[in-house]
Amino acid sequence: MYGKKGRELVQEFAESEPGQLAAFNTDLVTQVLEECNSHFLHLNSLVRKMNAKTPAESSSANRPTQNDAVSNNESPDDNEPPETDRSSNAELPKDDNYHGLLIHHQSLTRNKRCLMAYVYNRAEVVRRLGWTLERVLPEEIEEKLSTSEKEYFKNHAATIQSYMSALDLDLGVDMVPPKDPYIKVRVLDDIGNVVLSDQLANLARHAILFIRRTDAEQYISQGLMEELTS
């Protein structure tokens, strides 16, 4: 109650490894949403109680009476005329209902911010996966995502692929600009004759070649090649 569950939700994400996702905590999210609904119902109840008060009740607590003025050697004429209607500008009485309203409002706002932080930061991790993975998520990652997160990844990955197709450029290769467009690789399995961007190559097992990084990237990611750095 009063923001505790929301704090647990944010703490759970903060304690996970950077760039890694824990399983989406549906139970805790549901508890936070139920707490939000509870605060909202309390808010409505308190607002109805405060609105039910008459303008005179709302302002009488802070308005001096005629007897108070006389006892303080003040003339009644020096005070506000009793017939003046100041209800539209009167401040809310700071009674139990007022303070209860503040507590429930602040708790509701805090829970909403915790939920948004949890969902947003998880979405950022899912978005970055769209640059490092193919359109199909590995099973060990997919089982940790909620239905909406899976849909978000699918749509985001499709947008990236569509954009790269329009440019005829693979933006997922070389996130850091390489010093040389060609790299030295060793073929780990028989791939056969393939047409590369600038040559026809026989990618036989244990063959060592200099080929474009963009050509080698797909084979390296599939475990069919390894880059030789020496």
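E227 is partly exposed, at 36% relative accessibility. In this predicted model, E227 forms a salt bridge with R213, with the closest N and O atoms 3.9 Å apart. The pair links distant parts of the chain. E227 sits in strand 5 (residues 225-227), and R213 sits in helix 8 (residues 213-221), 14 residues apart. R213 has 18% relative accessibility and counts as buried, because buried means under 20%.

**Salt bridges**

How many salt bridges does the structure hold? There are five. Three of them are described here, starting with E227 and R213 above.

A further bridge joins R212 and D198, whose closest N and O atoms are 3.8 Å apart. R212 belongs to strand 4 (residues 208-212), while D198 belongs to the loop between strand 2 (192-195) and strand 3 (200-203), so the pair ties together parts 14 residues apart in sequence. R212 is partly exposed, with a relative accessible area of 31%. D198 is partly exposed too, at 37% relative accessibility.

The bridge between E124 and R127 lies within one element. Their side chains meet at 3.2 Å, N to O. Both residues are in helix 5 (residues 96-132), three residues apart, which is about one turn of the helix. R127 is partly exposed, at 27% relative accessibility.

| Salt bridge | N to O distance |
|---|---|
| E124 and R127 | 3.2 Å |
| R212 and D198 | 3.8 Å |
| E227 and R213 | 3.9 Å |

**Nonpolar cores**

Which residues make up the largest nonpolar core? It has 12 residues in all: I183, V185, V187, V194, L196, A201, L203, A207, I211, A216, Y219 and M225. Strand 1 (182-187), strand 3 and helix 8 each give two or more residues to this core. Strand 1 gives the most, with three.

Y219 is one of the core residues. Leaving aside residues up to four places away in sequence, Y219 touches I191, V194, L203, L224 and M225. Among these partners, V194, L203 and M225 also belong to the largest core.

A second, separate core holds nine residues. V32, L43, L108 and Y118 are among them.

**A surface patch**

Y163, L167 and L169 make a nonpolar surface patch of about 310 Å². L167 lies in helix 7 (residues 147-167). L167 is partly exposed, with a relative accessible area of 43%. That value fits a patch member, because patches are made of residues with over 30% relative accessible area.

**The chain as a whole**

What is the order of elements along the protein chain? From the N terminus on, they run α-α-α-α-α-α-α-β-β-β-β-α-β. That makes eight helices and five strands.

The protein chain has 230 residues, and buried residues make up 25% of them. Its exposed area is about 16,100 Å². Carbon and sulfur atoms supply 51% of that area.

Contacts give another view of the chain. Among those with a separation of 6 or more, 64% come from residues 24 or more positions apart.

**Back to the C-terminal elements**

Several of these details fall on helix 8 and strand 5. Helix 8 is one of the elements that give two or more residues to the largest core. Helix 8 also carries R213, and strand 5 carries its partner E227. R213 is buried at 18% relative accessibility, whereas E227 is partly exposed at 36%.

How values were computed:
Residues numbered from 1 in each chain as written. Predicted model: local features only at pLDDT ≥ 70, side-chain atom pairs only at ≥ 80, totals over all residues. Heavy atoms only, no water. Patch = residues over 30% accessible without salt bridge, like charges linked within 9 Å, V, L, I, M, F, W, Y side chains within 5 Å. Areas by Shrake-Rupley, 256 points an atom, 1.4 Å probe, with all protein chains shown as cover. Salt bridge = Lys/Arg side-chain N within 4 Å of Asp/Glu carboxyl O. Helix = DSSP H or I, 4+ residues; strand = E, 2+ residues; numbered from the N terminus. Buried < 20%, exposed > 50% of the residue type's maximum accessible area, 1.4 Å probe, protein only. Core = buried A, V, L, I, M, F, W, Y, C linked by side-chain atoms within 4.5 Å. Contact = heavy atoms within 4.5 Å.
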